[in-house]
Amino acid sequence: MESRPQIQTPHASPALRHIRLSVTVCAWIVGLALFVQVLTWALVNYTDLRVANIQPTATEYQPTVVKKTRQPRGEIRSLTGVEPKPVEEPEIPKNEPAPEVNQSASRFNIWFRLQHQLALVAGIAGCLALCVQLAVGTVVSAGAQVFGIRRVVSAQAWSMALLALCLPWQRLASEFPFGGIFTTYDVMAAASDAYGAGAADAMPGLLFYGRFFLLPVATLCATTLVGLRFASGIETGIVSSGPTAEELAIEAEASNRKAGSLMGAGRIGGALESTLKKPATSPVVNPPDPFLAARPQPEPAMAEPPSRRPI
């Protein structure tokens, strides 16, 4: 009975290598998005680049305009007997500062808004892709019985926590108190203006800095930890497809040898050739000792007659 041919099972190393590259790219995208968001918040909160002050143009000659004043007329009452309500100007609350009419948004404000929105989209999309790639990597590593599967599962669990922090929860549920790490530019700018002006509805200092600085930095460190743990977990499951370091060292050593150096022209071949060409010498025989020759030898024992077999 003929045996079935052995079909070689494909190894999971190429798949793990591809997943590692995808996880690394997604982690870099999330990390750069967090860095851009923190940088934008720092520029908005600590600089006045997004605000342009309107200065009056200085002129050398300003003509004086004389206007004719009209005589005040008498009060005209309504013929219907209903007095019109006077128009009252809106009062500005005492706790809030009056709006500055000589300030407007500068061209940097457009750049800040654009880069902040790009970081928002890239961060959320990168976090979603990171979770999916880590889930696929966990399944492949478990099927290949990778030795570091514990670190792979740990990285996948941390990615789910990152996803929970990055999703815009207030857009999904308006009653949710936390809107996610990636916020819109208008929310961040309004919170910064209210905190700088000391408004009544401004965030406390710890909550303000924790919301826009400490939490993104902690998320950035967690993203780096996820990428490193996954890469170290699948390291034993990736087989090198190229020459190893030992093979490269042997090849470099062999390339320094001349042709035929290992076929009798080297030191080993020279030593063997000199040994084979050396003439053979007879063994040295020592002369007999005269004292041993003059020593009396014992007489040989008499030979006993052969024993006969009894009849």
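In this predicted model, helix H1 (residues 13–46) and helix H2 (residues 107–144) have axes that come within 8 Å and cross at roughly 155 degrees. Angles over 145 degrees count as roughly antiparallel, so that label fits H1 and H2. As for handedness, H1 goes past H2 in a left-handed crossing. Sorted by class, the residues in this contact come out as 21 nonpolar and 10 polar, with no charged ones at all.

H2 also passes a simple length check. At 1.5 Å a residue, its 38 residues should span 56 Å, and the C-alpha atoms at its ends sit 55 Å apart, which agrees. Just after H2 comes glutamine 145, where phi turns positive, at about 55 degrees.

Back in H1, serine 13 is worth a look. Serine 13 belongs to this helix, and its relative accessibility is just 4%, so it counts as buried. What does it touch, once residues up to four places away in sequence are set aside? The list is Gly237, Ile238 and Val239.

That leads to glycine 237, found in the loop between helix H6 (205–233) and helix H7 (245–255). Glycine 237 is buried too, because its relative accessible area is 9%, and the cut-off for buried is under 20%. Apart from neighbours within four places in sequence, glycine 237 is in contact with His11, Ser13, Leu16 and Val146. Sequence distance says little here: glycine 237 and proline 14 are 223 residues apart along the chain, yet 9.6 Å apart in space, C-alpha to C-alpha.

Terms used:
Residues are numbered from 1 along each chain as its sequence is written. This is a predicted model: local features need pLDDT of at least 70, side-chain atom pairs count only at pLDDT 80 or more; totals for chains, interfaces and linings use all residues. Side-chain values use heavy atoms; hydrogens and water are left out. Axes are lines fitted to C-alpha atoms, for helices over the stretch in contact, and angles run from 0 to 180 degrees between N-to-C directions. Helices (H or I, at least four residues) and strands (E, at least two) are DSSP runs, numbered from the N terminus. Angles under 35 degrees count as roughly parallel, over 145 as roughly antiparallel, 65 to 115 as roughly perpendicular and the rest as oblique. A crossing is left-handed if the near helix is turned anticlockwise from the far one by less than a right angle, and right-handed if clockwise. Ala, Val, Leu, Ile, Met, Phe, Trp, Tyr, Cys and Pro count as nonpolar, Asp, Glu, Lys and Arg as charged, and the others, Gly among them, as polar. Buried means under 20% relative accessible area, exposed over 50%, partly exposed in between (1.4 Å probe, protein chains only). Contact means heavy atoms within 4.5 Å. The expected span of a helix is 1.5 Å times one less than its number of residues.
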